[in-house]
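Welcome, and thanks for opening the viewer. Set the display to cartoon, keep the selection box handy, and follow along one stop at a time.

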Amino acid sequence: MDLSGSSLNRSQSLASGLEKTSHTWNKPAHSQSSSTLSSRHSRQIIKDWEVIDDLQVEMQGAGDDPQDRTAPGICEGYLLKRRKWPLKGWHKRYFVLEGGILRYSKNQQDVAKGRVQGSLDVSLAVISINKKSNRIDLDAEDILYHMKAKSHELFYIWVTKLQAHRLYKKNEAAHLHSSVLHTLSLPTAAEQAQRNGDLSATGMADSAGASGVLPSANTAVNTKVSAWLQQSHNPDICVQELNRCHLDLSELNRLIQRLQALEVGQAFTNGDLQRIISIQNLSLEKPKKPKSGKIWGHSRTLSRVEALGMLSSSHLSNSAHLGASVPCIPDYVYSQLSPSTVNSPEGKKIQQDIYAMSQRVLNSLKSVHETLSQDRQKLQAVWDANNMHQSNTLAQPEAVSRSSQGPPSVADSAAEYFDASDDILWGSSSEVSDESGLSDGSTTNSEPEEGHTSATRKYRASISRTPNSVVPKSTGRRTKLPVHCPDNSHVGLVAILYNNIGKDLARVSMPAVLNEPINLLQRLCEELEYSELLDTANNTSDPYQRMVYIAAFAISGYSTATFRNRYKPVNPILGETYECIREDRGFRLISEQVCHHPPISACHADSENFSFWQDQRWKNKFWGKSLEILPTGMVNVTLPRYGDHYEWNKVATCIHNVFSQQRYLEHYGEVIIKNLKSNICTCKITFVKSRYWGSETNKNEVQGVVLDQSGSAIHRFGGLWHEGIFCDTLPTPKCIWKPNQQPKDYLLYYGFSSFAMELNELPSDLKPLLPPTDTRLRPDQRMLEDGRVDEADKKKDEIEEMQRERRKELGKRGEEHVPRFFKRSKDSSGRDVWLTNGTYWKLRENPGFANLENLTLW
Ligand SMILES: CC(C)CCC[C@@H](C)[C@H]1CC[C@H]2[C@@H]3CC=C4C[C@@H](O)CC[C@]4(C)[C@H]3CC[C@]12C
């Protein structure tokens, strides 16, 4: 089917599209607090956007009817596609949807020539639509298409077709899964007999006996294997991986053709080449003798120019040069295309793409192979064990797969570069998302140094050999929270997030059960968990080494993310404050919520070894399945001993699978650390974005380099932000940072580290010294910490309402809130920053907050 703007005579699909629409696109009712919204037909409506999710794909028996498995018709035509860079805006592109794969090219001719600009498996994508603006967004996490149809009719056709193709592709996968289930779960003799319609199934023992297994053992095997298969995601993973492979292979095919076209000097299309070759074959049937009277026995003796001349000549006058013995003309043609002839930048690019794509296919196949071999081993184990009449048979799938995962190869990184297409980097899923290009920058820069994977492997091995140096010492502070964290897995985040699309996550009010009893002011303090790195830096005379410790500190702040993806920190109220005095660590910190719109939390910490400050604000982008947090604002550290002032940016943090319990956090992008007081060195840290099909081993990689003024690397370090950082260029190569051991039962306590558990502790001797605005005194957070979630919810509403009232009052008086302990200022680059006004500790001491007038926040 062709859908180029004018060809609306294809009304057949248009009609079916509209028909379908009328009965399946009914809007579900949902509310802010609705607990679940995942009905199979549900479309979540956010203003004008709807997410079309989970079409009727049933894992069980999916596609049993072969009719269901016939591929929907091809759909093609022009649509507008948005891009951000270069040439930001909507561009007309020719799209082809076939077999569940959407490809696009510049125009129809390019499609014919196999010049595909991008492709996406629609079964892996979230489809969001905006009927008002005829917009369709496809989000396959790392590939994102924003498309717009020229007319409403075209829009409906595309949406319908996309749905149909998605369903088809998903069913195909599900069918494969159930076939595997079916094939591998050998039916019991009774079932077999039943299926065969054999009612005199007394041969049960016989049939079992024939296979040499007792019926009961056989049934036990079947039950276990099928139970394991039901749980196992491996078949799905394999199908997905193979789908990707399929996609990649067809892409590869196209790339090769393009390269050949370049080589030949003419844009041969697949068809052209085939035609030429078949004509050639015809003429080969009547080989003529060349003038010399000698039949040229082998094609290899032809010069490339001759060969190309032949191919492009319609008369094929030179075909006589070819002997009938030429086994395969394409082989011959390709063998003549010496790599040295690919000199054009385009040719080189294609070659690189081909290389990267082949590596990707290879890796995918390897991983499928590995998964299948593991499954085979597991099956074998179950079988053997049953044969021996042992009951405890199933190997632990997870343990097996983990232990056998090989280290990533350098080839993986090549695949990573390949992945960085403009759609991944520049896309944005919603109109409301920030267009500043911040995410683009950080994502683009998250490309690792060449050979990083092997380096990481090396660093990782070194880190794991390093014993945990910091033996948890008693701080006299609490080691657990009053109660366990509540289960919040039932809360429907879909509605909450969709209802708040475009809002900063920091401003989204969530039910208390989604909160952790720590707020964002306290989380700022949490970044000082590894403040000893700053102490070390201040005691290191070599400026390059000092930089290494500063870098390790910058990385260490991200490690909390490992276990903290189930709860959101409480949003501070404007004017809320927090103090933290850590004699044991030698620092004291204050933080304050200084701005409400946008929400900004500022902090300042002092110690005899350092000062640390930052004001934290961030933007977030919603990508359908994930939420990207893009912090703005810089982190600052000064070291008194050397007069250094370090300043660095923060990377993006992505909450992947935000709606599911498989949620996890990833940091990616580049951190540049500068010393504003000396340009002797700078540091670049790369948080490597993991490949979507990668194994666990490729997650959380960090690579860093300290560069001197001339740009030469003085130190290199790396590792994983959740495991540790190793520097092998120090006089004694060593692990410079390793996260502290998590406390006992940490998962029952919000995933908190010991340091985090201590943040909201309120010893009785501290209470009278705190200003009433201190987070520790905030009642709803305290209730939450004590497990009184419902009360916390109510209190939270009240406090938020009070805040609104205060704002209104101020507004009426034409006043603005003035933060108490921080002042707005400009940094050396002219950025707005919030700096301490230096009054907190003085006031605390004299006259004491109890003797002062304070804000009443709750
Ligand atoms: C919707 C809920 C239940 C999901 C959980 C959301 C959690 C994981 C989100 C909400 C706010 C987020 C934090 C917001 C800001 C920053 C600063 C940044 O420099 C590092 C990441 C960090 C610290 C984020 C980590 C992830 C975070 C804690």
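## Stop 1: the largest cavity

Start by selecting Arg523, Pro569, Ile629, Thr653 and Leu665: of the 40 residues that line the largest cavity, these lie nearest its centre. Please keep in mind throughout that this is a predicted model. The space you are looking into comes to about 830 Å³. The count of cavities of 30 Å³ or more is 9.

Which elements give two or more residues to the lining of the largest cavity? Colour these and see:

- the helices H17 (493-499), H18 (520-526) and H20
- the strands E11 (568-570), E15 (611-622) and E16 (627-632)
- the strands E19 (652-656) and E20 (664-675)

Now colour the lining by class: 24 of its residues are nonpolar, 8 are polar and 8 are charged.

## Stop 2: the largest nonpolar core

Next, select Trp648, Ile673, Ile685 and Phe717. The largest nonpolar core has 88 residues, and these four touch the most other members. Add helix H20, residues 543-556, which gives the most to this core, with 10 residues. Apart from this core lies another one, of 25 residues, including Tyr104, Ile143, Ala149 and Leu154.

Zoom in on Trp648, in strand E18 (residues 644-648). Is Trp648 buried or exposed? Its relative accessible area is 4%, so Trp648 counts as buried. Select what Trp648 contacts, leaving aside neighbours within four places in sequence: Ile550, Phe553, Ala554, Met634, Val635, Val637, Val671, Ile672 and Ile673. Try the distance tool on Trp648 and Ile550: they are 98 residues apart in sequence, yet 10.0 Å apart in space, C-alpha to C-alpha.

From Trp648, step across to Ile673. With neighbours within four places in sequence again left aside, Ile673 is in contact with Met547, Ile550, Ala551, Ala554, Tyr646, Glu647, Trp648, Thr682, Cys683 and Ile685. Ile550 appears in this list, and it appears among the contacts of Trp648 as well.

## Stop 3: two asparagines

Select Asn636 in strand E17 (residues 635-639). At a relative accessible area of 7%, Asn636 is buried. Show its side chain together with that of His645: a polar contact of 2.8 Å joins the two. Not counting residues up to four places away in sequence, Asn636 touches Ser611, Phe612, Trp613, His645, Tyr646 and Glu647.

Then move to Asn565, in the loop between H20 and E11. Why does Asn565 count as buried? Its relative accessibility is 18%, and the cut-off for buried is under 20%. Beyond residues up to four places away in sequence, Asn565 touches Arg663, Tyr664 and Leu665. You have met Leu665 already, as one of the residues nearest the centre of the largest cavity.

## Stop 4: unusual backbone spots

Show the backbone atoms for this stop. Where are the cis peptide bonds on our route? One joins His597 and Pro598, with omega about 5 degrees. Pro598 sits in the loop between strand E13 (587-596) and strand E14 (599-607). Another cis peptide bond joins Asn846 and Pro847, with omega about 5 degrees. You will find Pro847 in the segment after helix H24 (840-845).

Next, go to the loop between strand E25 (734-737) and helix H21 (754-759), where Asp745 lies. Phi of Asp745 is near 55 degrees, which is a positive value in a residue other than glycine. Tyr750 is in the loop between E25 and H21 too, and its phi, near 60 degrees, is also positive in a residue other than glycine. Switch on a surface and look at each in turn. Asp745 is partly exposed, with a relative accessible area of 38%, whereas Tyr750 counts as buried at 2% relative accessibility.

## Stop 5: Pro779 and its partners

For the last stop, select Pro779, which lies in helix H22 (residues 779-785). Which residues is Pro779 in contact with, leaving aside its neighbours within four places in sequence? Select Lys795, Ile799 and Trp858 to see them. Finish with one more distance: Pro779 and Ala792 are 13 residues apart in sequence and 7.6 Å apart in space, C-alpha to C-alpha.

Note on methods: Residues numbered from 1 in each chain as written. Predicted model: local features only at pLDDT ≥ 70, side-chain atom pairs only at ≥ 80, totals over all residues. Heavy atoms only, no water. Core = buried A, V, L, I, M, F, W, Y, C linked by side-chain atoms within 4.5 Å. Buried < 20%, exposed > 50% of the residue type's maximum accessible area, 1.4 Å probe, protein only. Helix = DSSP H or I, 4+ residues; strand = E, 2+ residues; numbered from the N terminus. Contact = heavy atoms within 4.5 Å. 1 Å grid on protein atoms, 1.4 Å probe; cavity = no way out; pocket = protein on both sides within 12 Å on 5 of 7 lines; lining within 4 Å. Points joined across faces, edges and corners; volume = space filled by probe spheres on them. Nonpolar A, V, L, I, M, F, W, Y, C, P; charged D, E, K, R; others polar. Polar contact = N/O pair within 3.5 Å; in protein donor to acceptor, adjacent residues only side chain to side chain.
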